[in-house]
Amino acid sequence: MPIDDVLGRSRQVIFPAAGSIEVGTVDVPPPGPGDLVMRVRRVGICATDLHLLDGHIGDPFPLVPGHEFVGEVAAIGATAAADRHLAVGDRIAVEMQLPCGTCARCLEGRYNICERDDPATLAGPGREYGVNIPRTSHPGLWGGYADYLWVPAEAIVHRMPSELPWDTAALVEPLAVAFRTIHRGRVGPGDRVVIIGPGPVGLLTSAAAKIAGASHVTMVGTRDHRLELSTRFGADVAINSRTTPDLQRAIAAAIGGLADVVIEVAGVPAAQSQAVTLVRRGGRVVLAGACGWTADVTFGSDRDLLTREIDVLPSFLSAGGYEPSIAALVEGAFPFAELVTHRFPLENVRDAYELVRGKRDDVIKAVLVLSD
């Protein structure tokens, strides 16, 4: 299908280099037979985006950021339309990674660690929208902070229900990340779960834990507003670690012992160290918070980890999480819409970043509105 005449150019937020933000435009070419072009409606602002701007995650510049995007099919090639059963106007979400689908990791279902996107062994552009594909890679439509996004044949695309408002639909990626952490931690019926970090992903992880059958969820953080909000997303107890002298004892008193699973989503090394002190012997610790590539991972004393035979399980991206995420948003068992607290036009991205970085005005999730 030929591209619509209105898709001549796309606005984009660009990080030309670390610490620099610009707003520019780029031509939008027609899709090839197996490709489609997505019109972005909403894109969430993530802490990872701030890490990227600060230069804490590789050197992908110039970069168009944004990986929490939802929108609709703006134009689609004939092969893609037939294979994906999609048409112009259909609402979609696209997973942030472009896996190869053929490496050993992809074939075992762990496409989030596709071998073609391993920074430890590969040079050159990566395969993650808004994170490691530079704007210089043709056609330059590789980030969600833009009117349009390029979606090649290898992209994983999900149809989004039309009844979901765009603001709520924009939570699909962070909620998918939350479900991935639950999968990695093997959270199931009866588990006692502690979550460190009541940010957007932490709050969504609380909801995902309860959906998975956790019997008790304890939220740990330092901001009372977010801790209070966590009780609306499945947390049975919320504890301010800054004002609690003995956090381990407080958790043991609340749940009758230490946790079966501790999930760290705060994104700071101190929280990683703290996590292993809050889990029972033989328990599981999931590390899901991005601290930045050069941050050291430390776990305190040998006694806290080795002699207690704790499983430490990093959780990366959202593989397998989109299906349960979409189902949860549609079911609406939790007040997901309340998490989107601030909306900005694309041109006001700097104001949005100042708000999110400073955690001002009780912000939870800020989104860029590309169009309604």
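**Notebook: helix 6 and the sheet beneath the entry**

I looked up helix 6 (residues 200-211) and found that it lies across strand 8 (192-196), strand 9 (216-221) and strand 11 (259-264), running at about 170° to strand 9. Contact here means heavy atoms within 4.5 Å. Axes are lines fitted to C-alpha atoms, for helices over the stretch in contact, with angles from 0 to 180 degrees between N-to-C directions. Helices (H or I, at least four residues) and strands (E, at least two) are DSSP runs numbered from the N terminus.

I note that this is a predicted model, in which local features need pLDDT of at least 70 and side-chain atom pairs count only at pLDDT 80 or more, while totals for chains, interfaces and linings use all residues. Residues are numbered from 1 along each chain as its sequence is written, and side-chain values use heavy atoms, with hydrogens and water left out.

I next checked burial (buried: under 20% relative accessible area, 1.4 Å probe, protein chains only). In helix 6, 9 of the 12 residues are buried, among them Pro200, Leu203 and Leu204. Their cover includes helix 5 (172-184), helix 7 (224-230) and strand 15 (365-369). Glycine 213, with a positive phi near 105°, follows helix 6.

I then turned to the sheet. It is open, has 6 strands in the order 10-9-8-11-12-13, and pairs in parallel; a pair requires at least two DSSP bridges. Strand 10 (237-240) and strand 13 (311-314) are the edges, each pairing on one side only. I recorded 4 bridges between strand 12 (residues 279-287) and strand 13; valine 286 has leucine 313 of strand 13 as its bridge partner.

Note on methods. Buried < 20%, exposed > 50% of the residue type's maximum accessible area, 1.4 Å probe, protein only.
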